[in-house]
Amino acid sequence: MAKKDIILGKDELIGNIAEQSGETKASVGKVIAAYPQVVVEALIANRPKNDGEISGVVPMPGFGTIATKHVAEQTRKNNLAGGGEYTIPEHDVPAMKFSKGFKAALNADILNQAAKAKQSDDAAAKKAKAV
C-alpha cells in the first residue's frame, strides 16, 4: 500500500481549530492529545460481549460516531503453510460511522456541479425543442 500524503498535519490542525474556535493553540493541542485516550477508555469500559455486537458509541457531533464491534474466535485454514489451521482469538475492532451532515459536506461541491450540469442540459434541451 502506497504511503498517503498528509493533507493536514497536526500543527496545522491545531492552528486551524484554534483560529476557528478562538482558543489558544496550547489549549487545543492539549484537547487533541487527550481525546484518543478518553475515547479508548470509554470504549473499553463498554466493550461488547457477543459476536457482531456493537459497543456503546462515542459521538463526535457533526462528524460521526466511534464504536467497537466484537469479533468471535475464528479458525482459518493456512493455505500457504501446508493447509494447517490456525485460530484468530476473539477481539474487538474499531468502527467509525460518519454522520449524514459530514458526508453531505464532503460531497456538496460534487452535488452542486451535478445540479448545474443538469440545469445546463435541461436548458440546452429546451432550446433545441424550441428550434
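**Note on the predicted model: helix pair and strand β2**

1. Thr68 sits in strand β2. This is a predicted model. The relative accessible area of Thr68 is 11%, so Thr68 is buried, the cut-off being under 20%.

2. What does Thr68 touch, leaving aside residues up to four places away in sequence? Its contacts include Leu43 and Pro48. Glu53, Ile54 and Ser55 are also among them. So far as later positions go, the list has Asp92, Val93, Pro94 and Ala95. Leu43 falls within the residue range of helix α2, 25-45.

3. His70 is in strand β2 too, which covers residues 64-71. Is His70 buried or exposed? His70 counts as buried because its relative accessibility is 8%, and the limit for that class is under 20%.

4. Two acidic side chains deserve a look in the viewer. The side chain of His70 makes a polar contact of 2.8 Å with that of Glu90. A polar contact, again of 2.8 Å, joins the His70 side chain to the side chain of Asp92.

5. The wider surroundings of His70 follow, again without residues up to four places away in sequence. His70 touches Pro48, Lys49, Asn50, Asp51, Gly52 and Glu53. It also touches Glu90, His91 and Asp92. Pro48, Glu53 and Asp92 appear in the contacts of Thr68 and in those of His70.

6. Now the helix pair. Two packed helices are described by the angle between their axes and the distance between the axes. Here the pair is α1, residues 10-21, and α2, residues 25-45. Their axes come within 9 Å and cross at roughly 120°. That crossing makes α1 oblique to α2. The crossing of α1 past α2 is right-handed.

7. Which residues form the contact between α1 and α2? From α1 come Leu13, Ile14, Gly15, Ile17, Ala18 and Ser21. From α2 come Lys25, Val28, Gly29 and Ile32. By class, the contact has six nonpolar residues, three polar and one charged.

8. Last, the chain as a whole. The protein chain has three helices and five strands. Read from the N terminus, the order is α-α-β-β-β-β-β-α. The chain has 131 residues, and 14% of them are buried. Take the contacts with a separation of 6 or more: residues 24 or more positions apart account for 28% of them.

Conventions. Residues numbered from 1 in each chain as written. Predicted model: local features only at pLDDT ≥ 70, side-chain atom pairs only at ≥ 80, totals over all residues. Heavy atoms only, no water. Axes fitted to C-alpha atoms, helices over the stretch in contact; angles between N-to-C directions. Helix = DSSP H or I, 4+ residues; strand = E, 2+ residues; numbered from the N terminus. Parallel < 35°, antiparallel > 145°, perpendicular 65-115°, else oblique. Left-handed = near helix turned anticlockwise from the far one by under 90°. Contact = heavy atoms within 4.5 Å. Nonpolar A, V, L, I, M, F, W, Y, C, P; charged D, E, K, R; others polar. Buried < 20%, exposed > 50% of the residue type's maximum accessible area, 1.4 Å probe, protein only. Polar contact = N/O pair within 3.5 Å; in protein donor to acceptor, adjacent residues only side chain to side chain.
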